[in-house]
Amino acid sequence: VAFHVRGLFALNELAYDALQRPEAIELFYDRDERIIGFRASTRDAPDSYAVRHHTKHSYQVEGRSFIKFYGIPEEAAGWRYAAEMIDDILAVNLKQ
């Protein structure tokens with residue numbers, strides 16, 4: 001999962017498949033552990049973010065308001081992170 005400086009999250013094909021190719025994603029953040037969670041959702045869910053098909057093998061989720069709300073440090077952006085499925089949540093540890 002890539003965390004772009006502009007506040008976008010990019011999911012590669014494997015990450016998107018792990019979430020079962022949803023139309024939208026709910027985002028979660030654990031401040032103490034510095035872990036961002038992605039869970040499949042529907043577009044009509046109140047806290048969901050639409051998934052956009054960006055390139056042939058890449059999908060994007062707009063995360064600026066999420067990042068601002070949780071005060072996620074700017075230095076976390078601009079990197080790619082390994083992700084792992086924990087139950088139904090794709091977890092990204094920003095301490096990598």
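These exercises trace the strands of a predicted model.

**Exercise 1.** Work out which strands stand at the edges of the sheet, and why one side of each is left without a neighbour.

Solution.
- Start with the strand order. The open sheet has nine strands and runs β7-β1-β2-β6-β5-β3-β4-β9-β8, with antiparallel pairing.
- Read off the ends. β7 (79–80) and β8 (83–86) stand at the edges.
- Count partners. Each of these two has a single partner strand, so one of its sides has no neighbour in the sheet.

**Exercise 2.** Follow the pairing from β3 through β4 to β9, and find how many bridges join each pair.

Solution.
- Take β3 (residues 24–30) and β4 (residues 35–41). They run antiparallel and are joined by seven bridges.
- Fix the register here: Asp30 has Ile35 in β4 as its bridge partner.
- Move on to β9 (residues 89–93). Five bridges pair this strand with β4, again in the antiparallel sense.
- Fix the register again: Ile36 lies opposite Val92 of β9.

**Exercise 3.** Describe the β8–β9 hairpin and its turn.

Solution.
- Begin with the pairing. Four bridges link β8 and β9, antiparallel.
- Find a partnered residue. Ile86 bridges to Ile89 in β9.
- Now the turn. Two residues lie between the strands, and Asp87 there has a positive phi of about 60°.

**Exercise 4.** Is Ile86 buried, partly exposed or exposed?

Solution.
- Place the residue: Ile86 belongs to strand β8.
- Apply the cut-offs. Buried means under 20% relative accessible area, and exposed means over 50%.
- Compare. Ile86 has a relative accessible area of 45%, so this residue is partly exposed.
- Add a distance. The C-alpha atoms of Ile86 and Leu8 are 22 Å apart, with 78 residues separating them along the chain.

Key
Residues are numbered from 1 along each chain as its sequence is written. This is a predicted model: local features need pLDDT of at least 70, side-chain atom pairs count only at pLDDT 80 or more; totals for chains, interfaces and linings use all residues. Side-chain values use heavy atoms; hydrogens and water are left out. Two strands pair if DSSP finds at least two bridges between them. Buried means under 20% relative accessible area, exposed over 50%, partly exposed in between (1.4 Å probe, protein chains only).
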